[in-house]
Amino acid sequence: MTDVEAQQAHWAATFAAHPEMYGGQPSAPGAYAVELFVREGCRTVLELGAGQGRDTLAFLRAGLRVTALDYAAEALAGIEQSAGADAERLATVAADVRRPLPLPDASVDAVYSHMLLNMALTTPELEALAAEIRRVLRPGGLHVYTVRHTGDAHCGAGTALGDGMFENGGFVVHFFDRALVDRLATGCTLLDLTPFEEGDLPRRLWRVTLRREGP
Ligand SMILES: C[S@@+](CC[C@H](N)C(=O)[O-])C[C@H]1O[C@@H](n2cnc3c(N)ncnc32)[C@H](O)[C@@H]1O
């Protein structure tokens, strides 16, 4: 099993053991993104690393059309079940974000991810993913993402894997520094960077809001 397959299997097993791992309510950045996307007139959202869908369901409830992508296929099936009548505005895609995103150029109004970019993704993989996100976003479209950063209590703990990554409890996390945020903003305007905390640890994160420059 490769390191990537091991991470994928670890997520699948963790979700199976914890049907509401992050709770059923939208996250704070999810609630922020719903408000922002609706205010900006967005209709279509691509959510990367949707997991069990706490934020996917909030986007759907707000009337948005959502493509939810994750490599944990069973978690995606659970979102479809929970969506009820809103499922007609939901498409799920089981895919690895290391591969090109399976969407046409300039086809979505907004891209969102909560704690996906800080997964086991190397800096070159993140740069390729950022380029893919710019490709699928329409000019002027919004990109909101969150990442754990170098001020997080787990940064430096566990096994150092290089390139800012540490393995702790079976999960690999890439802790972002500010230079990485700026590097991934190429071709976009950085509208906002807000620190926040989540959970009991607590996880220390940044919420980043970008606008794709056009055309
Ligand atoms: C920390 S969880 C966050 C889940 C969800 N965004 C939330 O906040 O509730 C990270 C998610 O990213 C997914 N993931 C990690 N690496 C991935 C990859 N290379 N491709 C696709 N999904 C990935 C995992 O399966 C998991 O659902």
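## Thr44 and its contacts

Once the neighbours within four places in sequence are set aside, Thr44 is in contact with Arg65, Ser107, Val108, Asp109 and Ala110. This is a predicted model, by the way, and Thr44 is a handy place to start looking around. You'll find Thr44 in strand 1, which covers residues 44–48.

One of those contacts can be pinned down to atoms: a polar atom of the Thr44 side chain lies 3.0 Å from the backbone nitrogen of Asp109.

## The annotated domain

UniProt has something to say about this chain too. An unreviewed entry there places the feature "domain: Methyltransferase" at residues 45–141. In the model, that span is 34% helix and 28% strand, and its end C-alpha atoms lie 10 Å apart.

## Two hairpins in a row

Now move along to strands 6, 7 and 8. Strand 6 (residues 159–162) pairs with strand 7 (residues 165–168) in the antiparallel sense, over 3 bridges. Thr159, for instance, has Glu167 in strand 7 as its bridge partner. The two strands make a hairpin with 2 residues between them, and Asp163 in the turn has a positive phi of about 55°.

Strand 7 also pairs with strand 8 (residues 171–174), again in the antiparallel sense, this time over 4 bridges. Here Phe166 stands opposite Val173 in strand 8. This pair forms a hairpin as well, with 2 residues between the strands; Gly169 sits in the turn and has a positive phi of about 60°.

## The second largest pocket

What lines the second largest pocket? The list runs Asp3, Val4, Ala6, Gln7, Arg98, Ala120, Thr122, Glu125, Leu161, Met165 and Val172. Helix 1 (residues 3–17) gives the largest share of that lining, with 4 residues. Some names here link back to the hairpins: Leu161 is in the lining, and strand 6 spans residues 159–162. Met165 is in the lining too, and strand 7 spans residues 165–168.

By class, the lining splits into 6 nonpolar, 2 polar and 3 charged residues. The space in this pocket comes to about 160 Å³.

## A closed cavity

How many cavities of 30 Å³ or more turn up in a search of the whole structure? The search finds 1. The largest cavity has a volume of about 60 Å³.

Leu117, Ala130, Ile133, Arg134, Leu137, His143, Tyr145, Leu184, Cys188 and Leu210 line this cavity. Helix 5 (123–136) and strand 5 (137–148) each supply at least two of the lining residues. Sorted by class, the lining has 8 nonpolar residues, 1 polar and 1 charged.

Methods
Residues numbered from 1 in each chain as written. Predicted model: local features only at pLDDT ≥ 70, side-chain atom pairs only at ≥ 80, totals over all residues. Heavy atoms only, no water. UniProt positions renumbered as here; feature names shortened; annotations may be inferred. 1 Å grid on protein atoms, 1.4 Å probe; cavity = no way out; pocket = protein on both sides within 12 Å on 5 of 7 lines; lining within 4 Å. Points joined across faces, edges and corners; volume = space filled by probe spheres on them. Nonpolar A, V, L, I, M, F, W, Y, C, P; charged D, E, K, R; others polar. Polar contact = N/O pair within 3.5 Å; in protein donor to acceptor, adjacent residues only side chain to side chain. Contact = heavy atoms within 4.5 Å. Pairing = 2+ DSSP bridges.
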